[in-house]
Structure formats: structure tokens, C-alpha cells
Amino acid sequence: MNITVNSYFSGAGLFDIGLLEGGLQIGKSFEIDLRCCKVQYQTLGDHVVQADISQKLALNDEGYDAMIFTYPCTKYSAIADIHGTRTGDELFLHALRQPEMYVIENVPGMKKFKVVMKTMTRLPDYYIEVFCPVNASNWLPQNRGRLIVIASRKQFNFRPSKKAKATTLKEILEKDAKGST
């Protein structure tokens with residue numbers, strides 16, 4: 001069974017790489033930053049769409065089984081308090097397009113925004129699991145917690161592995177990688 005996902009706020013596509021490695025297909029990957037889109041296009045293919053998701057109409061999205069959201073962490077992280085940008089903003093509302101399944105990945109600070117969390121975890125007709133904090137060192141060479149929300153119209157039994165081997169930066173970097181400008 002092929003599962004196709006649309007990725008939102010996908011940056012340079014690192015989460016998309018994980019999805020592809022996990023056997024999923026990426027239908028479209030939406031990102032606003034042109035530099036990130038160029039990186040995705042060069043490394044992952046032409047499925048990337050440069051778009052301001054807050055201006056994108058929900059009815060134009062078709063042909064996917066799940067939606068993956070990696071919202072900009074800067075609006076939810078504790079460091080944003082220093083700069084006065086910890087707003088939680090309204091981007092979370094774009095998950096309300098009623099897909100078969102959605103996944104959200106962000107910083108644990110997202111939990112401080114009660115409206116965001118209630119909206120994302122109490123949608124009718126969904127089975128929802130919240131994992132927080134999940135140790136990101138299970139899949140990234142960094143030591144920080146992550147918030148993961150998985151919602152599906154069908155029941156599921158998934159738990160993040162606690163025994164996963166930590167990935168090292170050496171394992172991620174390409175041998176003889178050539179930089180581009």
C-alpha cells in the first residue's frame with residue numbers, strides 16, 4: 001500500500017527525507033523560503049512548492065493520504081520570549097483540512113499554547129496520541145526534546161522507540177559533498 005503525504009512548512013526537507021526513508025511518498029512539499037525550496041528541488045525532486053501556506057486555499061489540495069506539519073518552531077520555543085516573538089500564531093489552523101491522518105512535529109513549548117493544543121488534540125472523529133518530550137537524538141545528532149502529535153481517523157498503536165540507536169552527524173553527512181552557492 002503506497003501512502004502519499006503532503007508536507008507543510010518543510011524547510012530544506014530534512015523531515016521529508018525521513019518520510020521517504022520510512023517508505024512514504026511525498027505528494028507536495030510546501031515551503032515559503034526560496035532557498036529551502038532550491039535545496040529540496042536539488043536533493044529531493046520537483047515536488048516542492050514555494051507557497052505562503054496562510055494564503056493557500058484548502059480545496060486545492062488533493063491526492064494525499066496524510067498531512068505532515070513541521071510548523072516554524074520560532075513561534076513556540078522558549079527562546080522566542082527573549083525576542084518577543086513567542087506568539088503561537090495561527091498557522092496551526094491549516095491542519096484543519098480534515099485529512100485521513102496528520103502528524104505534527106514541533107518543540108515542547110507548543111504545549112503552552114492551550115488553544116493550539118486543544119484544537120490539535122480534540123478534533124472529532126480522530127484517534128489522537130501526543131508524545132512529549134520525545135528525545136530527538138533518536139533520529140538527529142542533537143539533544144533536545146520534540147513534541148509529536150499523531151491523529152488518524154483509524155485506530156493505531158504507535159509508540160516512539162526508546163531503544164533506537166542515536167544517529168551521529170557523521171552518518172548524515174555525505175562523503176565528498178560539494179557545496180553550492
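Ile3 sits in the segment before strand 1. With a relative accessibility of 29%, Ile3 counts as partly exposed. Its C-alpha atom is 8.6 Å from that of Ile26, and the two residues are 23 apart along the chain. The model described here is a predicted one.

**Overall fold elements**

The protein chain holds five helices and seven strands. Read from the N terminus, these elements follow the order β-α-β-α-β-β-α-β-α-β-β-α. The chain has 181 residues, of which 38% count as buried.

**Pairs separated in sequence**

Two further C-alpha pairs can be set beside Ile3 and Ile26. Phe69 belongs to strand 4, which spans residues 66-69. Its relative accessibility is 0%, so Phe69 counts as buried. Phe69 and Ile148 are 79 residues apart along the chain, and 10.0 Å separates their C-alpha atoms.

Met101 is part of strand 5. A relative accessible area of 31% makes Met101 partly exposed. From Met101 to Asp65 the C-alpha distance is 6.8 Å, with their positions 36 residues apart in sequence.

| Pair | Separation along the chain | C-alpha distance |
|---|---|---|
| Ile3 and Ile26 | 23 residues | 8.6 Å |
| Phe69 and Ile148 | 79 residues | 10.0 Å |
| Met101 and Asp65 | 36 residues | 6.8 Å |

**Salt bridges**

Side chains of opposite charge can pair when their charged atoms come close. In this model the count of salt bridges comes to two.

One of them joins the side chains of Glu105 and Arg146, with an N to O distance of 2.5 Å. This pair links distant parts of the chain: Glu105 is in strand 5 (residues 101-106), Arg146 is in strand 7 (residues 145-152), and their positions lie 41 residues apart. Both Glu105 and Arg146 are buried. Strand 5 also contains Met101, which is partly exposed.

The side chains of Arg35 and Asp33 form a salt bridge as well, at 3.2 Å from N to O. Arg35 has a relative accessibility of 64% and therefore counts as exposed. Asp33, at 22% relative accessibility, counts as partly exposed.

**Positive surface patch**

Lys111, Lys112, Lys114, Lys118 and Arg122 together form a positive surface patch. One of these residues, Lys114, lies in helix 4, which covers residues 114-121. Lys114 counts as exposed because its relative accessibility is 57%.

**Cysteines**

A disulfide is a covalent bond between the sulfur atoms of two cysteines. How many disulfides does a search of the whole structure find? The search returns zero.

For Cys37, the reason is distance: the closest cysteine sulfur, in Cys36, is 7.0 Å from the sulfur of Cys37, which is too far for a bond. The cut-off for a disulfide is a sulfur-to-sulfur distance within 2.5 Å. Cys37 has a relative accessibility of 6% and so counts as buried. Cys132 counts as partly exposed, because its relative accessibility is 26%.

**Backbone angles**

Most residues other than glycine have a negative phi. Two residues in this model are described here for a positive value.

Phe9 is a residue other than glycine whose phi is positive, near 60°. Phe9 is located in the loop that connects strand 1 (4-8) to helix 1 (14-21). Is this residue buried or exposed? Phe9 counts as buried, because its relative accessibility is 14%.

Asp125 is not a glycine either, and its phi is positive at about 70°. The loop between helix 4 and strand 6 (127-135) contains Asp125. At 62% relative accessibility, Asp125 counts as exposed, whereas Phe9 counts as buried. Helix 4, at one end of the loop that holds Asp125, is also the helix in which Lys114 of the positive patch lies.

Technical notes
Residues are numbered from 1 along each chain as its sequence is written. This is a predicted model: local features need pLDDT of at least 70, side-chain atom pairs count only at pLDDT 80 or more; totals for chains, interfaces and linings use all residues. Side-chain values use heavy atoms; hydrogens and water are left out. Patches are made of residues with over 30% relative accessible area and no salt bridge: like charges are joined within 9 Å, nonpolar side chains (Val, Leu, Ile, Met, Phe, Trp, Tyr) within 5 Å. Accessible areas come from the Shrake-Rupley method with a 1.4 Å probe; for residues, only the protein chains shown count as cover. A salt bridge is a side-chain nitrogen of Lys or Arg within 4 Å of a carboxyl oxygen of Asp or Glu. Lys and Arg count as positive and Asp and Glu as negative; His and the chain ends are not counted. The place of a charge is taken as NZ of Lys, CZ of Arg, CG of Asp or CD of Glu. Helices (H or I, at least four residues) and strands (E, at least two) are DSSP runs, numbered from the N terminus. Buried means under 20% relative accessible area, exposed over 50%, partly exposed in between (1.4 Å probe, protein chains only).
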